[in-house]
Amino acid sequence: MVMWTDGPLCYGGDYNPEQWPAQVWSEDVALMRQAGVNLVTVGVFAWSRLEPAPGRYTFDWLDQVLDLLHGGGVRVALATPTASPPPWFSLAHPGALPVTADGIRLHHGSRDTYCAATPAYRDAALRITTALADRYAHHPALAGWHVHNEYGTTCHCEHTARAFRRWLTTRHGDLAALNDAWVTSFWSQHYSDWAQISTPRATQYLPNPGHLLDFRRFWSDTLLAAYTEQRDLLRAANPALTITTNYVLGDWVPVDHARWATEVDLVAVDHYPSAVDGGAEEQTALAADLARGWARHAAHRRPGSPPAGGAAAWLLMESAPNQIHTAGRMHTKEPGRMLRHSLAHVARGSHGAMFFQWRAPVGGAERFHSALVPHAGPDSRVFRETVALGAALRQLSEVRGSVEAAVALVVDAASGWALRHPGLPSALPDYHDELAAAHRALWRSGYACDTLTPGDPVDGYRLLVLPALYLIDDDAAEWLRGYVDGGGHLLVTYLSGVADEHARVRLGGYPGALRELLGAYAEEFHPLDAADQVRLDDGGTGRIWAETLRLTGADTVVSYTGGVLDAMPAVTRHRVGAGTAWYVSTRLDDTSYRRLLDTAARAAGVTTVCPDAPEGVEAVRRRDGAASWLFLLNHTDHEQRVPASGVDLLTATPIERAVTLAPGGVAVLREHKG
Ligand code: GAL
């Protein structure tokens, strides 16, 4: 297979020629050439233009577009348009329209109006996929397939309920096991027949946590099956093409991205920070570190492909060239941010930078979403930056290898899902927020950080951080024990290890799965009001959560001070085997969290990427054997000097002692070997 990662860094985005008259296409290709665009996703929502009536295909326009792109040297990731079935489909198959948890059947009028468990939808999706594969699998423009778009919708229809029951029989074997796993003795929920089980629809009061969790797992598997059946068909048509789908990130997404990573040829993620300022950089870094973690997770599991260097490559499949629509308005990116954010992704292993979208449309729901060619046309700041980014990516063509990190966050989708249950001791803890807080603390101090899935190899990591890893099964507990016994340093935060894989509470004190390892356990939780905080004896504060901890071998590092927890341990450290296990029983304020992680990292012998980088300058190193490249990103609005040496690839300038970064500026140094 010819992987995209074997070629130049990918540059381009979603291209929707079906929204434009043919005369615009030639201009598009000319502008793409000018910008250095080399890969576009074509036809991602073009189903009704490709199949205007059942079984009647209109491929002429796509033939022309692909030929034009090929003539212009632009490679194509041809999309299967299955994320937006045409109106005729919904009319013919009203039973394939999705049903919400409230039992409301949604109607056509937007996109994603299908149920992925419904045979009529799956069949229609395979038919259009087959038609595309038959016609284009060997088209010279094709670099690969972009299956669907952002799998992430859910459904509660009868087809789904039937599929859920089938899935449950495979998972649990018999009803006794299911009843045990879901603790149905509570509230008279015992099931005596599979037919009694429905999807977790809206109900009177709190739903069953095991039921909810299994539904999430089932739905991730269902969407994955919808993906893999398209993939297998496309693969059979031409085994040489890269096949992937673009992940949508968010804690609402019912997809276990780590598990999916083993089924895509290249992990591809869409990333839209929730604002362009106030944290966009740290959100970018976390998203990219997650993507690399999923790619590495898959590489470890694929026989024959070593996880070193390029095997952990991934691709930023969508990002916004300019405005981000969030919190009720568009946030405009200031000049330079598109380049800086794109390079933040490339620094962390993305094999390029792709955007939504190529050209801003005249109508449609997302007419004001940003584009590389904006409504103003190519004589615009955004298009000039588009051209500049294309040039920058070409200058970085030699960069390879991966980030080398000695610190890793342990991440698990199911823990995030379980923590969304409304019956937890507090509604305040938010899994993504917990991950982000730990990652932010490491990012601000300048540590390179990987993300791991429980069970991944831990060689080379000196410090593992477990933010709110709520579900820990026996294997994961053993994996962590082995890591610490072998000399690893582990930092665990509250709400980790409280429950088993079925979301059943582990008895004997929290966190049941890690009690011995931590040499401490919580007898009681003390969730806090949103406005409250607890004080700590090192001057710091905690919020959201606190605990009554009892020590069984650990030392107190920081204590609560004042209130009912006065003088009780808040942060503990346990030396066990050859390693150390820390426990943090509250959500530390950012400064304290950073200080604690710094202490833990230094104790573990971990150093930052660029110890002399000033605050606000992000430093990321990619390494491939003896060669290394240092990305320096100035996120401040003033000039910064960073001690470093090498050759700045973006300006082809040798750097002897220090590089000067303009406000918001970037440099990528090929470092001297040795
Ligand atoms: C993405 C999606 C695109 C477009 C974009 C708008 O999540 O895949 O199709 O909707 O958001 O920002």
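Which strands does helix H11 lie across, and at about what angle does H11 run to S26? Here are some notes on this predicted model, with that question taken up in the second point.

1. Let me begin with the six-stranded sheet. Its strands are ordered S12-S25-S26-S31-S28-S29, the sheet is open, and the pairing is antiparallel. Strand S12 (402–403) and strand S29 (653–655) are at the edges; each has a single partner strand, so one side of each has no neighbour in the sheet. For S12, the pairing with strand S25 (residues 617–624) is antiparallel and rests on two bridges. If you would like a residue pair to look for, Ser402 is opposite Arg623 in S25.

2. Now for helix H11, which covers residues 337–347. H11 lies across S12, S25, strand S26 (627–634) and strand S31 (666–670), and its run makes about 150 degrees with S26. There is a second set of strands to look at here: H11 also lies across strand S8 (314–318) and strand S11 (350–355), running at about 145 degrees to S11. Both S8 and S11 belong to the nine-stranded sheet of the next point.

3. The nine-stranded sheet is open too, with parallel pairing and the order S5-S4-S3-S2-S1-S11-S8-S7-S6. At its edges are strand S5 (242–244) and strand S6 (246–247), each paired on one side only. S6 runs parallel to strand S7 (residues 267–270) and is joined to S7 by two bridges. Within this pair, Tyr247 is found opposite Val269 in S7. Another helix, H8 (residues 209–237), packs on the sheet and touches strand S3 (75–80), strand S4 (142–147) and S5. The direction of H8 makes about 170 degrees with that of S5.

4. Please take a look at the ligand as well. Around the ligand are Phe45, Arg111, Asn149, Glu150, Asp270, Tyr272, Glu318, Phe356, Glu366 and His369. By class, this shell has five charged, three nonpolar and two polar residues. Two of the shell residues link back to the sheet: Asp270 is within the range given for S7, and Glu318 is within that of S8.

5. Which side chains place an N or O atom 2.6 Å, 2.7 Å and 3.1 Å from an oxygen atom of the ligand? For Glu150 the distance is 2.6 Å, for Glu366 2.7 Å, and for His369 3.1 Å. On its own the ligand would expose 310 Å², and 89% of that is buried by the protein.

Note on methods
Residues numbered from 1 in each chain as written. Predicted model: local features only at pLDDT ≥ 70, side-chain atom pairs only at ≥ 80, totals over all residues. Heavy atoms only, no water. Near = heavy atom within 4 Å. Polar contact = N/O pair within 3.5 Å; in protein donor to acceptor, adjacent residues only side chain to side chain. Areas by Shrake-Rupley, 256 points an atom, 1.4 Å probe, with all protein chains shown as cover. Nonpolar A, V, L, I, M, F, W, Y, C, P; charged D, E, K, R; others polar. Pairing = 2+ DSSP bridges. Helix = DSSP H or I, 4+ residues; strand = E, 2+ residues; numbered from the N terminus. Contact = heavy atoms within 4.5 Å. Axes fitted to C-alpha atoms, helices over the stretch in contact; angles between N-to-C directions.
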